[in-house]
Amino acid sequence: MTKKTVTNKLVETIVDSIDDIKGEDITILDLKEIDNAVSEYFIICSGNSNTQVAAIAANIEKKVRNLVKERPINVEGAEVAKWVLLDYGNVVVHVFQKPVREYYNLESMWGDAKNISA
């Protein structure tokens, strides 16, 4: 399997995992054309509570581990679950509570990125 195929399967599995737990406002930012970008893709979504944010993040980890056989390099924020970051290297996932997402506005920060609708 090529790196591109693995990345596509990873992105698809992450989006499906978010949908499973009713994550909202899923955005995929394609960062491949941006110099010095930290990854190829950012996947951003929102949850309505720390419980939902934690559940989305846990479901992503579980489904990716089972279907793609990948584990995150790093996970940040799971203890408080206002903003959980899952780093899969070429794909970074941000699961936000809505007010935190609005405050940080990553979509604006990476405004040069190609926005792919999920």
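User: What links W83, F96, Y103 and Y104 into a cluster?

Analyst: Ring pairs do that job. Rings of Phe, Tyr and Trp (its six-membered ring) pair if their centres lie within 6.5 Å; planes under 30 degrees apart count as stacked, over 60 as edge-to-face and the rest as tilted. One heads-up: this is a predicted model, where local features need pLDDT of at least 70, side-chain atom pairs count only at pLDDT 80 or more, and totals for chains, interfaces and linings use all residues. Also, residues are numbered from 1 along each chain as its sequence is written, and side-chain values use heavy atoms, with hydrogens and water left out.

User: How many aromatic pairs does this rule give?

Analyst: The count is four aromatic pairs. One of them is F42 with W110, at 5.5 Å centre to centre and 75° between the planes, so the angle passes the edge-to-face cut-off. This pair ties distant parts of the chain together: F42 sits in strand β2 (residues 41-47), W110 in the loop between α4 (106-109) and β6 (114-117), and they are 68 residues apart. Helices (H or I, at least four residues) and strands (E, at least two) are DSSP runs, numbered from the N terminus.

User: Are F42 and W110 buried or exposed?

Analyst: Both F42 and W110 are buried. That word means under 20% relative accessible area, while exposed means over 50% and partly exposed is in between (1.4 Å probe, protein chains only).

User: Why is the pair of Y103 and Y104 called edge-to-face?

Analyst: Their ring centres are 4.9 Å apart and their planes stand at 85°, so the pair earns that label. Y103 has a relative accessible area of 65%, so it is exposed. Y104 has 39%, so it counts as partly exposed.

User: How do you know that the length of helix α2 makes sense?

Analyst: Helix α2 (residues 50-68) has 19 residues, so at 1.5 Å a residue it should span 27 Å; its end C-alpha atoms are 26 Å apart, which agrees. The expected span is 1.5 Å times one less than the number of residues.

User: Which residues of α2 are buried?

Analyst: Those are Q52, V53, I56, A57, N59, I60, K63, V64 and V68. They cover an arc of only 160° around the axis, so they lie on the same side of α2. The arc is that of the directions from the helix axis to the C-beta atoms. T51, also in α2, has 59% relative accessibility, so it counts as exposed.

User: What is special about phi in A81?

Analyst: A81 has a positive phi of about 60° although it is not a glycine. A81 lies in the loop between β3 (74-76) and β4 (83-87). With 3% relative accessibility, A81 counts as buried. D25 also has a positive phi, near 50°, and belongs to strand β1 (residues 24-30). D25 has a relative accessible area of 53%, so it is exposed.

User: How many helices and strands does the protein have, and why is it called as compact as a globular protein of that length?

Analyst: There are four helices and six strands. The radius of gyration is 13 Å, close to the 13 Å that the globule rule gives for 118 residues, so the description fits. The radius is taken over C-alpha atoms, and the rule is 2.2 Å times the number of residues to the power 0.38.
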